[in-house]
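Ready for some practice in reading how protein chains sit against each other? Take the exercises one by one, and try each task before you read its solution.

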4 protein chains.
Amino acid sequence: MTLQMDRAALTAFLLRDFGQVAADFAVERADTAGVALRLIAAERHLRPGGTVSGPAMFALADVAMYLAILSRIGPVALAVTTNCAIDFMRKPAAGRDLRAEARVLKLGRVLAVGDVLIFSDGEEAPVARAGLTYSIPPR
Amino acid sequence: MTLQMDRAALTAFLLRDFGQVAADFAVERADTAGVALRLIAAERHLRPGGTVSGPAMFALADVAMYLAILSRIGPVALAVTTNCAIDFMRKPAAGRDLRAEARVLKLGRVLAVGDVLIFSDGEEAPVARAGLTYSIPPR
Amino acid sequence: MTLQMDRAALTAFLLRDFGQVAADFAVERADTAGVALRLIAAERHLRPGGTVSGPAMFALADVAMYLAILSRIGPVALAVTTNCAIDFMRKPAAGRDLRAEARVLKLGRVLAVGDVLIFSDGEEAPVARAGLTYSIPPR
Amino acid sequence: MTLQMDRAALTAFLLRDFGQVAADFAVERADTAGVALRLIAAERHLRPGGTVSGPAMFALADVAMYLAILSRIGPVALAVTTNCAIDFMRKPAAGRDLRAEARVLKLGRVLAVGDVLIFSDGEEAPVARAGLTYSIPPR
């Protein structure tokens, strides 16, 4: 397996096609094992108490998986999330960035499936896990 | 079954405890069948093309179910989402609010389970569906 | 919307293509609202204590949704389940059949999505709910 | 972390408390990384074509996670599955056993969460993945 997009290419893609949210994320790694993506925690992601909100964790899982798929098939926009099952397991540490580790488990003709683990930065126990399916447009 | 919180009480709760996002939502109905919640679509919810983003739909489902549970047990904060499985089925109509219909299917001692259908305002075919589980703190 | 297969046609399909499990199920209704399917509880479906097992409930949800899709598109075999998210909410009543109510929420070109509620026969509170996605083969 | 039950103890537990299905499964490994469980494919697990059925894969994921939790907390029966989200990604190889790799991601006071990958014996690409939640009875 060869990567179609590396860390630099994914970062450029985020900036160009997802300008609205690009400042929230930093691509930390993209290799054959998957993609690591950081959510740079800001006021707008937090719940009272200073922990990252559920929707912000969902967004992190969703973008991490999207980039992991693109790293394998290239910048074919228009892949869309069809399903996400997410488990919230622990309260994230207050005031800390989150890190997502996404891996692609299946890359089919019409569907891609993968999963994501989310961690508070510097912690070992995951705060959330998600399984996601993307629909890939006909090429 | 009697409701512990009606539409006015839920609206007041949203404003007081979720000030950060309260302006995004309007409680349209709260009765024994469940809760209807509107997402007032604004620039920050939209993807390129003008359709509401996945994270914004997730947030709508999550808040709608939270309010449906509170309508039954009263304003015991601290109920937390433990799981959400969401299917994105259709592209929302551009520039339109979304409406969520949430119902509680089980209200147990420690877990509450329900589901949500999401519609583009004025449309009959749902754009998304979700099943959610909440953990309820010991009283 | 017109149905491609009614209750009799679905029953015949089950017998012919799913002979191995056809005796477990009875199609009770098939109309534009969806399909109602009964699991005829037998020893092999039960856990110690006499309640229907999780895998038997999963099978009921899966077959009910499959038949609901076929009722709309006709007997195109080869549709396959790609995803199922199931919540087990209550212990089924001992020694009782289960009834599933399946409805199709989306019938697309390549994916069909729906949900299922499962009840102990004669009870009003659901014992389980599931959301399922099927991949539909190109025609 | 120390294991409360090893491979031999889990095997004995299966035989005693799940006599009905014990012959379907073989515990291959139980350590701090999780549990590996084999489904010994038999006629009753197969779909036409000779591949293992969805309900049999669900049962494998469910039992594998159950044993992984017991390996950590000991033989406290009564833990029950509350949720399972399963993705079916590839057709299993015909006439082949399946192997599940289950890991516990969270072991809380009332809930345990983990995930499972399922492989056709001898293959590297997973045929299914699942996330599961168990409710743990008060001790």
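How many salt bridges does the rule find across the interface of chain A and chain C? The rule finds 0 salt bridges there. Keep in mind as you work that this is a predicted model.

**Exercise 1. Describe the contact between chain A and chain C.**

Step 1: Start with who takes part. Chain A brings 5 residues to the contact, and chain C brings 5 residues.

Step 2: Turn to the area. About 420 Å² is buried between chain A and chain C, and carbon and sulfur atoms give 67% of this. On the side of chain A, 62% of the area buried against chain C is supplied by A:Asn83, A:Val110 and A:Leu111, more than by any other three residues.

Step 3: Sort the residues by class. The side of chain A that touches chain C holds 2 nonpolar, 2 polar and 1 charged.

Step 4: Look for polar links. The interface of chain A and chain C has 1 residue pair in polar contact, with both residues at pLDDT 80 or more.

**Exercise 2. Work out how chain A and chain C are related in space.**

Step 1: Superpose the copies. Chain A falls on chain C with an RMSD of 0.0 Å after a rotation of 180° with 0.0 Å of shift along its axis.

Step 2: Find the residue of chain A that comes closest to the rotation axis. That residue is A:Ala85, whose C-alpha lies at 3.8 Å.

Step 3: Compare the surfaces. Both copies use the same surface, since 100% of the contact residues of chain A recur in chain C.

**Exercise 3. Now do the analysis for chain B and chain A.**

Step 1: Count the residues. Here 21 residues of chain B are in contact with 21 residues of chain A.

Step 2: Read the area. Chain B and chain A bury about 1600 Å² between them, with 50% of it on carbon and sulfur atoms. B:Gln20, B:Phe58 and B:Phe88 supply 30% of the area that chain B buries against chain A, which is more than any other three residues.

Step 3: Check the links. The rule finds 0 salt bridges across the interface of chain B and chain A, while 8 residue pairs are in polar contact, both residues being at pLDDT 80 or more.

Step 4: Place the contact on the fold. Two elements of chain B give two or more residues to the side that touches chain A: α3 (54-73) and β3 (80-88). The largest share of that side, 8 residues, comes from β3(B).

Step 5: Sort by class. The side of chain B that touches chain A has 10 nonpolar, 5 polar and 6 charged residues.

**Exercise 4. Name the symmetry that relates chain B and chain A.**

Step 1: A turn of 180° and a shift of 0.0 Å along the axis lay chain B on chain A with an RMSD of 0.0 Å.

Step 2: The two copies are therefore related as by a two-fold rotation axis.

Step 3: In chain B, the C-alpha nearest the axis belongs to B:Ala85, 2.0 Å from it.

**Exercise 5. Decide whether C:Thr133 is buried or exposed, and describe its surroundings.**

Step 1: Locate the residue. C:Thr133 is found in strand β6 (residues 128-135) of chain C.

Step 2: Apply the cut-off. C:Thr133 counts as buried because its relative accessibility is 6%, and buried means under 20%.

Step 3: List partners, leaving aside neighbours within four places in sequence. C:Thr133 is in contact with several residues of chain C, including C:Val80, C:Asn83 and C:Leu111, and also with B:Asp87.

Technical notes. Residues are numbered from 1 along each chain as its sequence is written. Chains are lettered from A and ligands numbered from 1 in the order in which they are written. This is a predicted model: local features need pLDDT of at least 70, side-chain atom pairs count only at pLDDT 80 or more; totals for chains, interfaces and linings use all residues. Side-chain values use heavy atoms; hydrogens and water are left out. Contact means heavy atoms within 4.5 Å. Buried area is the accessible area (1.4 Å probe) that two parts lose on being put together, summed over both. A salt bridge is a side-chain nitrogen of Lys or Arg within 4 Å of a carboxyl oxygen of Asp or Glu. A polar contact is a pair of N or O atoms within 3.5 Å; within protein, one must be able to donate a hydrogen and the other to accept it, and residues adjacent in sequence count only if both atoms are side-chain atoms. Ala, Val, Leu, Ile, Met, Phe, Trp, Tyr, Cys and Pro count as nonpolar, Asp, Glu, Lys and Arg as charged, and the others, Gly among them, as polar. Helices (H or I, at least four residues) and strands (E, at least two) are DSSP runs, numbered from the N terminus. Buried means under 20% relative accessible area, exposed over 50%, partly exposed in between (1.4 Å probe, protein chains only). Copies are superposed by least squares on the C-alpha atoms of residues with pLDDT of at least 70 in both.
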